[in-house]
Amino acid sequence: MEKVIHRKLGKNTLCLGLTILLAFTISLSAQEGDPAKGKALFNANCAACHQLDKKMTGPALRHVEQRLADEQGLDRDWVYAWVRNSAGVIKSGDAYANKIYNEYSSAAMTAFPQLSDDDLNNILAYTAQEKAAPPAAATTAGAQPTASSSGGISNEIILGALAILFILLAAGLYIVNKTLRRFASAQNIDIPEATKRTPLWKAFIKNQFLMLVTAIFFLLASAYFIFGYFMQIGVDQGYEPVQPIHYSHRIHAGDNGIDCKYCHSSARVSKTSGIPSLNVCMNCHKSIYEVAPETLAEGKQIGVDYNAEIQKLYKAAGWDDANQKYTGNSQPVKWVRIHNLPDFVYFNHSQHVSVAGVECQTCHGPVEEMEVMYQHAPLTMGWCIECHRTTNVNVKDNAYYTKIHEELSKKYGVENLTAAQMGGLECGKCHY
Amino acid sequence: MSSNKKYWKSVEELNENSSIVETLKQNEFVEEIPTDEFLGDKETLEETSTTRRDFLKYVGFSTAAASLAACEGPVKKSIPYIVQPTEIIPGVANHYATTIANGFDFASVLVKTREGRPIKIENNNLATTNGSANARVNASVLGLYDSLRVQGPKKAGESISWSNFDSETSQKLTELSAAGEAIVLLTQTFASPSTSKLISEFKEKYGNVRHVVYDAVSESAALDAYQAKYGERGLANYDFAKAMTIVSVGADFLGDWQGGGFDADYSKNRVPDHGKMSRHIQFESNMSLTGANADKRVPLKPSEQKLALAKLYSYVVGGSVSGTLPEHIEAAVKNAASQLKKAGSNGLVVTGIQDVNAQTVVLEINEALTSRAFDKTTPIKTRQGSDAAVTKLVADMKAGNVGALIMSGVNPAYSLPNASDFVDGLKKTKLSVAFSMKVDETSSETQYIAAAPHYLESWGDVELKKGHYGLMQPTIRPLFDTRQFQEALLKWTGNDVSYHDYIKDTWGTGILGGGSFNRALHDGVFVGTIATETVETAEASNTDTEETAEIPSGNAARTLAASAKNEGSELTLYTKVGMGDGQQANNPWLQEFPDPITRTSWDNYLTVSKADADALGLINHHVANGALNGSYAKVTVNGVSVTAPVMIQPGQAKGSFGLSFGYGKTLGLKEEMQTGVNAYALYQNFNTVQNVTIEKAAGEHEFASVQLHNTLMGRGDIIKETNLEIFNTKDKKHWNAVPMVSLNHEPVPVTSPEVDLWDEFDRSIGHHFNLSIDLNACTGCGSCVIACHAENNVPVVGKTEVRRSRDMHWLRIDRYYSSETSFEGDNTKKDNISGLGSSLSEFGEMENASDNPQVAFQPVMCQHCNHAPCETVCPVAATSHGRQGQNHMAYNRCVGTRYCANNCPYKVRRFNWFLYNGNDEFDYHMNDDLGRMVLNPDVVVRSRGVMEKCSMCIQMTQKTILDAKRDGREIKDGEFQTACSAACSSGAMIFGDINDKQSEVAKLKEDNRMYHLLESVGTKPNVIYQTKVRNTTEA
């Protein structure tokens, strides 16, 4: 099984600092309006369909005012009118409005009558800002090897110095010993010879009892290890295969806090949690065509280009990002299945997720921290049963359990019933 | 002193000339052991460069490599949808209502699909007409995944595209139409309003068009009689639920008589309710399913049936008929007539005699009785074929008078008696097209094969009865490049709409009367309030009207009696529950389905009475491994003969013989399925009764029979039965006593706790499942067997394995014959046996079934004993008991010792002797990817060396529980089902939770008729049976 090689997520403050610095060294535009407020408004109202530098559902909007003025001779009032009621402008027979409307496949822009002149000024101010220079990739790339090599040298120096020290010490002791012996012989002092004793290993071999005990010990130990080896066959805890698309649960479930069941929606109602179909990915990724520069940099450190991964998704889904449409030329993604239960086991996600209210993380581990998904639990029968023995059944507000819980808890004399007491250990409940 | 004693090794040595003894002297084995096959011939062995050392090296390395590789798990890929259809959630089943209408079976059904794959057929409970799926309909889902289906249109055996097909055929049709040549559409009965409309449009466009409807097994006589009397071509619609006295003369109405589907209503009156149940008298030649269920069965020859019916008419309605019947039959007819008269409007007479007069007589008797069961307003529309039209067509074709022949849903080259005439005629046509799913006997002879879709891939509508409609909708995207007949008609008539839109249009204007099409599609059925006129009437019906109108209504009985000539041996051709007309012959489920009567699978055979068999020297005997062998007989009808194996059938009328349709196909099916002989060759003039000569033929046939012991030997605790009189008048202990065992020399009921070896387990909390089987309602139809097959991924093992008693059916329907005239008699005889001599001789006699035995059916599956003998002997605890009453079987734990099977008193455990999936030795549906699509993903496919058995559909009960938990609600009675109880339309199988005291099964458990199978063993099963009550009250 192919596995991911772990790369150390070393922090590179230099690189980060540079990025942040660059982000703030933007020349403020002389336009009226506050670009900071404009950015907030833009993200709240426009970003679903517009980007500054990229055509999406609607056109790219950087320097939109300038462009309109230069190319079409349209002023800010036209923009106000368009934003507040684009359909009206189109109806009025405005040539450019109709041209734009037709160009973007006759999708009418949502009207924003709630935006005031000031709001629009702020937004325009934001769109008029110059594009931030991309972070200096060259310098960061250069910096990394030097930093790591300097660390290596210092270690070697210390080790080398220590080694030299030890050699000097050994040499000193040898010289002292030699000198003392010379003195002794000069003084005619006899150095007593150590009496020769039976070596330990020979004594050990001669002691048959010890031999027997050791043999038994070794046999038991090897049996233990062999048993251990056999028991882990088919147990793929920690299985972390390379996937066709590097999908980071850390970014989606962790950083962005997307609910697991948004993508794995069938976990609520079905026995399988379901691998999300690509149209679910495209719900968001139609607009998210690239990651934030910070995220991109994080990815670079572990050797992943997140933007390239998004491109892989587009290819699979058959999405033409440039023209903002589906080509119909799609290629299914062959994910490598991680959690494999044998065929003879029936497991139902909805029972655990919807009925019992078990968190996904209970079995799947800290998914929100996993850059690459791996199998957290051993998924052995012992592991299942352990949980069934210790977990109380969630009977609250569930009419199904009312009667059976009342009677059973009386029978067993307990307050809360475990899954095992409900019959969760019977063979046929999972094997059929 | 040396001894001269001769030690006999076998009885064979008594025979001096026995070849076996001679062979055994020379060789150890009678048959040569095929060592050569195993080793290969010497030359190749010498030529090979592999030395013994090399060989050992290879073995060593490959073993090492295999064991190393085994430690690494395989990489599994998961491929999600690109765009997931909104209605599909992986892991959740969808159900669609649709209608099967293949020309033989018509039923409104529900189709269960998983991840877009249809996997099971279920009953549509919303349907009031034909809402129950029989065994064949249940099995029809497998036909969708038939690997021998035609995958695209073909011309002369080569694939062509649909566009070429369209342009070539359209051009040809236009040419032929211009030249004034006859264009004939030869189709199955579609009973489809939209198709009729389409065909009339086609007629309009091409002019000289004839539409001939052809039913492989014809009901033409009944149709003609009905048409002559009521002016509408249809079959009389009988509601058996309203009939309390039923007299059937040769009508197998629990089988396929007039389209079938009467069993559910029939069963309603078979269960004694307030001391009343229906009385059923059957006059017949073959032992049919219906005869087996009758209260009184009179075996008689087909010619005597005609006379008996005529006499019945004279006794009930009046008038006199000539002819004499044997005394006991005469008495039985008189008796039946008096009972009918007594019943009045609660009486009903039906007949299966393929004779217009016979059918007319029946209609007249029912009219005279003013039978409530006879509904004249809603004739059945599922058979429309006309024998005269088909005969004329074949003659025209042979004369070269047919320009184009377009066929759909028929296989006349297989199912016509004069098939060779048909094939000759086919070659004379200028255009021949067959819409077919297979390259079969007919389509292989046509110029074009238009690949047709399965009904689960098609749109359609069906008028099952007048005013009762069903809709057919696709449940899967077409697997292959196929097109249905109606789509092609649309193309040929230059209509661009899809057939779906066309149906919608037809329904919107003519049928729905303002109702919602989507609602009808959702329900799958629609009952119209307005009578719609038939848009198109087949050519045949017009010609027939003139002929049949001549029958003088009062004289029918006399004409019938006159036509009854008793001439030697008579053969009755019939259809088997499992195979029907044979269009599903490539369905391994149906091939392996044991016939309810003979319990034989993978064959058809000539059924012969014991007396005739003795006279002709025909034998059935058991061979060393316990399997059944039988002689062959040459069956000759008017110079046409077939050689069929012989099955000696108790209850077969002396002088009569039976042979079933549907077998002996040669094309379009796998080699394993090419079983039996083709009885259509003997189906001359579309008459199911033929005069015949039977001769013994050489050789011996090997049957694959699953039940070899036919009688009950007076063991009344297996099937408890009584008659209505005793049931009504006497106490339960007289007819359903609990067995007694001795405790301290005192008789104690076996159910009492003191005599129990085991501690009772508290099952009062939660669910406790019980399955009740009513032996009165069970007709033995076998749809539960196939439903179980489909639900539980039960493998098909093939004929040779069935012969070795290795069949895998989790659910079997045992059939018992009485050896006296009744089971009652058996019990008395057994009780009176005393002494060794008497027991040896009389038990020997009791092994043979009576000439006209009583028959009883008993579905047996795992009894889910509360004190299960199998559980205590399993060395690895692979089988254990659940609190809900189910006996669990953990396949992955089983090591295959088979102790459990040996310790099971009911013999319901099945052992996987081989790997039945993905194994070329068992080349059935589980051996190809297509066929495996039918597997139920919720049930594991068992592997070799593992014991399996009925799980009481734990996957279904668990699903019901899990759904209720998720919805946070209590479970209502009726929600719990097993595959068999859901498939049982007769209400014989009721499943439920006995801890729910209001449930039906809890009440049945307390019923007086309730008993456990082999109660004396003390296993305390969770399957309960209801004592069979026969209505033996004469007059």
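I started where two helices of chain B touch: B:Ala135, B:Asn138, B:Ala139 and B:Val141 in helix 5 meet B:Ser783, B:Val785, B:Ile786, B:Ala787 and B:Ala790 in helix 26. Contact here is C-beta atoms, placed from the backbone, within 7 Å. I sorted the residues of this contact into seven nonpolar, two polar and no charged. (Nonpolar is Ala, Val, Leu, Ile, Met, Phe, Trp, Tyr, Cys and Pro; charged is Asp, Glu, Lys and Arg; the others, Gly among them, are polar.)

Note to self: this is a predicted model, where local features need pLDDT of at least 70, side-chain atom pairs count only at pLDDT 80 or more, and totals for chains, interfaces and linings use all residues. Residues are numbered from 1 along each chain as its sequence is written, while chains are lettered from A and ligands numbered from 1 in the order in which they are written.

Next I looked up the geometry. Helix 5 (residues 135-144) and helix 26 (residues 783-791) of chain B pack at about 20°, axes 7 Å apart. That angle is why I call helix 5 of chain B roughly parallel to helix 26 of chain B (under 35 degrees). I also noted that helix 5 of chain B passes helix 26 of chain B in a left-handed crossing (near helix turned anticlockwise from the far one by less than a right angle).

Second pair: helix 7 (residues 193-206) and helix 17 (residues 485-492) of chain B pack at about 30°, with axes 10 Å apart. So helix 7 of chain B is roughly parallel to helix 17 of chain B. I found B:Leu198 and B:Phe202 among the helix 7 residues in this contact, and B:Trp492 among those of helix 17.

Notes: Axes fitted to C-alpha atoms, helices over the stretch in contact; angles between N-to-C directions. Helix = DSSP H or I, 4+ residues; strand = E, 2+ residues; numbered from the N terminus. Parallel < 35°, antiparallel > 145°, perpendicular 65-115°, else oblique.
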